[in-house]
Amino acid sequence: MRAAEAGSRRSPPVAGPRGSPYHGPLSALPGALLTLAGAGRRSTATTDTGDEGDEMTPIKQIQERHGIVGREDELATAIAVLGAGRHLLLEGPVGVGKTTVALAVCSHLGRDTVRVDGDDRYSESKLTGWFDPPLVLKQGYREETFFAGPLVDAMRGGKVLFINELNRMPESVQNVLLPALDERLLQLPHIGEVRAAEGFQVVATQNPVEYVATGHLSEALRDRFEHLALDYQDAAEETAIVVAETGSDDADLVRAAVRLTRATRLHARFRKGASVRGAIATVAIAERLRGDGDGGREPVGAETLRRAAEAALTTRVDLRDDIDADFGVALDELFELVVERGEDPDVALAPAGPLPKA
Ligand SMILES: Nc1ncnc2c1ncn2[C@@H]1O[C@H](COP(=O)(O)OP(=O)(O)OP(=O)(O)O)[C@@H](O)[C@H]1O
Ligand SMILES: [Mg+2]
């Protein structure tokens, strides 16, 4: 599979909202929405002058082609790491865009990419390859009866091996990667030594170890990767992502959904908050719940927003056990803050900074 295919979620030439009236870059959005989106200023607006095409930096090219909002520093680091021939590990909380950024960078480099999605039942032979028993009975153990797995395929072909959720793989599978990453070789029974061709690299993503179903990455394996940490983006960039993903032009709705979602990360009742996926889903659902009035679409009322937010956020948050855990009550408090009082949770719930020195 070509990298362009692996990452072709939005490979059309320009980034744009899907299923929406806005199919151009974010900078083509109506003024009010662009102001709301804010991040357009950083990701695409400056490239939309019509005469700048050839001068676009690689970062801007990736943003445009793959609909990536912001992430300039992270994209630059990723390109530098891969350009230096190193292996890259992207780490960060759920939904911060690790897979999106990784696939976009692989695609940008124009490299063939083999994708693997890690889980706890992934086996060593699934990664390296396996012999077909009926064929082995007829022909014995030989290259013709061996089916190369993604690791051997990537090594022999000098491709990028993209491993999504690396630390969900069992340790025995992780161990297979050690010599492949370091010495660029692998010993396989009956096949012998597999040497990596020029260009073989591994790009991996994972959630930090405290997330459910994730395991530790051995120190030895970590040591073979260069690290890129991704954290939540700011409110303006998350707004731009939600607009791009949903195509909604309802600035009030988008702002409320982004604020409610961000509040789950800051509010004392939540142990784990929702990613931007929560805001995307809230807007997408509310857009479909809203009615059509005589004069066109009705504004999304508080009740509708609450139904949408409840559906979108319940599965994406964890409440603190020590405070009487009830999602309805927690959502009431978020609504009071964000919808009734119109407050910005980034300000109202900002963690207290260090006390000034006396
Ligand atoms: N910077 C960004 N620009 C555009 N879209 C983004 C960006 N960051 C995240 N998204 C969108 O947010 C959603 C989550 O992104 P993605 O799947 O890449 O996150 P992830 O970190 O890999 O999540 P997980 O930990 O669940 O694997 C996707 O819909 C993606 O399109
Ligand atoms: Mg992912």
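The following exchange concerns a predicted model and the arrangement of its open sheet.

Trainee: In which order do the five strands of the open sheet lie?

Mentor: The pairing within this open sheet is parallel, and its edges are formed by strand 2 (113-117) and strand 9, each of which pairs on one side only. From one strand to the next the twist averages 15 degrees. Read across the sheet, the order of the five strands is 2-5-8-1-9.

Trainee: Which residue of strand 8 stands opposite Leu88?

Mentor: Strand 1 (residues 88-91) is joined to strand 8 (residues 201-206) by four bridges, and the two run parallel. Within this pairing, the residue of strand 8 that stands opposite Leu88 is Val203.

Trainee: And which residue of strand 9 stands opposite Leu89?

Mentor: Strand 1 also pairs with strand 9 (residues 226-229), again in the parallel sense and over four bridges. In strand 9, Leu88 has Glu226 opposite, while the residue opposite Leu89 is His227.

Trainee: Are the residues of strand 1 buried or exposed?

Mentor: Leu88 and Leu90 point one way from the strand, whereas Leu89 and Glu91 point the other way. A residue counts as buried if 20 or more other C-beta atoms lie within 10 Å of its own, and by that criterion all four of these residues, whichever way they point, are buried.

Trainee: What angle does the direction of helix 5 make with that of strand 9?

Mentor: Helix 5 (residues 72-83) packs on the sheet, where it touches strand 1, strand 8 and strand 9. Taken against the direction of strand 9, the direction of helix 5 makes an angle of about 170 degrees.

Terms used: Residues are numbered from 1 along each chain as its sequence is written. Chains are lettered from A and ligands numbered from 1 in the order in which they are written. This is a predicted model: local features need pLDDT of at least 70, side-chain atom pairs count only at pLDDT 80 or more; totals for chains, interfaces and linings use all residues. A residue is buried if 20 or more other C-beta atoms lie within 10 Å of its own, exposed if 12 or fewer, and partly exposed in between; C-beta atoms are placed from the backbone. Two strands pair if DSSP finds at least two bridges between them. Axes are lines fitted to C-alpha atoms, for helices over the stretch in contact, and angles run from 0 to 180 degrees between N-to-C directions. Two residues are in contact if their C-beta atoms, placed from the backbone, lie within 7 Å.
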